[in-house]
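This report describes a protein model, beginning with the ligand surroundings and then turning to annotated residues and strand pairing.

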Amino acid sequence: MTGLMQGKRGLIMGLANDRSLAWGIAKALHEQGAEMAFTYQGEALGKRVKPLAEQLGSDTLIECDVSDMGALDRAFDELAQKWPTIDFVVHAIGFADKNELRGRYYDTSLENFLMTMNISVYSFTAVAKRAREMMPNGGSLLTLTYYGSEKVVPHYNVMGVAKSALDTSVKYLAVDLGRDNIRVNAISAGPIKTLAASGIGDFRYILKWNELNSPLRRNVTIEDVGGAGLYMLSDLASGVTGEIHHVDGGYNVIGMKAEDAPDI
Ligand code: NAD
């Protein structure tokens, strides 16, 4: 299986290092022939992202803090200078004050609530609007969500509320952009140890719980997420939009786990 993404080019937003979910997706896209540009948040991350982008044959790095609409406009203008059209965008961005990713949800401050919604939810809508202008022949947008949007996961707090809003944004955007032949989907990934995840209280316990309770009895990897991302962004998923696709070892289907017995 080669060349699924041959002739397609797009933007990867949210690569921080080689443990990022964005890295798993970018690697899978590269293996299938995609050309990619990358945005990064701030100089320090830029230094880490540059060699990774180079590994995938890309020299296009654009600084962009998605909480700044001017920076987003400039990033898309810069991209349009390089490529008049694109086929896909990966939005792998989320942020909340880690002091509020532990303890009680009701302690969330208004300031952090608004910042979390801005960076983790609104940015996807703002990206979709700008990406549309570069997708005259259609395209595919992908964001990353988590099960904490559907059910309460300890410590996930305001990020769970934000991911619910992100999931709903995916559906509204899928309807808005369907007439432009632009598909909009999310992958709901199981827990994976990344920079962002390290801010979540007791994350090791969440990992252990998922490993023990998911049907596949293991945690997923960025390569698992990469395969699903490739599917969503390639023509294999040409009829799929508005979908929240779980890549979580099946964890989300479990209501109550059976007592472990050899025949169950
Ligand atoms: P990561 O730390 O590798 O990536 C998070 C990225 O968000 C970083 O590149 C960071 O620079 C970027 N970011 C944060 N604030 C930004 C801003 N203002 N402007 C621009 N970029 C900004 O962690 P990750 O786990 O790969 O996270 C990627 C996405 O996957 C997030 O949306 C996260 O919620 C989601 N996700 C992660 C897990 C997990 O367990 N790791 C599970 C499900 C979903």
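## Ligand shell and strand arrangement

In this predicted model, 27 residues surround the ligand, and S20, G94, T194, L195 and A196 come nearest to the ligand. By class, the shell consists of 19 nonpolar, 7 polar and 1 charged residues. Two elements, helix α1 (21-31) and strand β5, each contribute at least two residues to the shell around the ligand.

**Annotated positions**

The unreviewed UniProt entry lists Y146 and Y156 under "active site". The same kind of record, again an unreviewed entry, lists A96 under "binding site".

Y146 is placed in the loop between β5 (139-145) and α5 (157-178). Y156 is likewise found in the loop between β5 and α5. The position of A96 is in another segment, the loop between β4 (88-91) and α4 (110-132).

The table gives the C-beta neighbour counts of these residues and of K27, a residue of helix α1.

| Residue | Other C-beta atoms within 10 Å | Class |
|---|---|---|
| Y146 | 27 neighbours inside 10 Å | buried |
| Y156 | 25 neighbours inside 10 Å | buried |
| A96 | 24 neighbours inside 10 Å | buried |
| K27 | 18 atoms within 10 Å | partly exposed |

The threshold for a buried residue is 20 or more other C-beta atoms within 10 Å. Y146 is therefore classed as buried, since 27 C-beta neighbours lie inside 10 Å. Y156 also counts as buried because 25 C-beta neighbours lie inside 10 Å. For A96, the count of 24 C-beta neighbours inside 10 Å leads to the buried class. K27 has 18 other C-beta atoms within 10 Å and is therefore partly exposed.

Contacts can be described for the annotated residues once neighbours within four places in sequence are left aside. On that basis, Y146 is in contact with K163, S188 and A189. Y156 is in contact with G148 and I200. The contacts of A96 are L101, N112, T116, V158 and M159.

K27 also takes part in a long-range pair: K27 and G227 are 200 residues apart in sequence, yet their C-alpha atoms are 9.4 Å apart in space.

**Strand β2 and its partners**

How many of the residues of strand β2 (residues 35-40) are buried? The count is 6 of 6, and the strand is mostly covered. Both faces of β2 are covered, with E35, A37 and T39 buried on one side and M36, F38 and Y40 buried on the other.

Strand β1 (residues 9-13) runs parallel to β2 and is joined to β2 by 5 bridges. Within this pairing, R9 has E35 of β2 as its bridge partner. The chain passes from β1 through α1 to β2 in a right-handed β-α-β crossover. Helix α1 thus has two roles in this description, as a link between β1 and β2 and as a supplier of at least two residues to the ligand shell.

β2 also pairs in the parallel sense with strand β3 (residues 61-63), over 3 bridges. In this pairing, Y40 stands opposite E63 in β3. The connection from β2 to β3 runs through helix α2 (residues 42-55), and this β-α-β crossover is right-handed. Strand β2 accordingly has parallel pairings with β1 and with β3.

Definitions and conventions: Residues are numbered from 1 along each chain as its sequence is written. This is a predicted model: local features need pLDDT of at least 70, side-chain atom pairs count only at pLDDT 80 or more; totals for chains, interfaces and linings use all residues. UniProt positions are given in the numbering used here, feature names are shortened, and annotations may be inferred rather than shown by experiment. Helices (H or I, at least four residues) and strands (E, at least two) are DSSP runs, numbered from the N terminus. A residue is buried if 20 or more other C-beta atoms lie within 10 Å of its own, exposed if 12 or fewer, and partly exposed in between; C-beta atoms are placed from the backbone. Two residues are in contact if their C-beta atoms, placed from the backbone, lie within 7 Å. A residue is near a molecule or strand if its C-beta atom, placed from the backbone, lies within 6 Å of it. Ala, Val, Leu, Ile, Met, Phe, Trp, Tyr, Cys and Pro count as nonpolar, Asp, Glu, Lys and Arg as charged, and the others, Gly among them, as polar. Two strands pair if DSSP finds at least two bridges between them. A crossover is right-handed if, with the strands pointing away from the viewer, the path from the first strand over the helix to the second runs clockwise.
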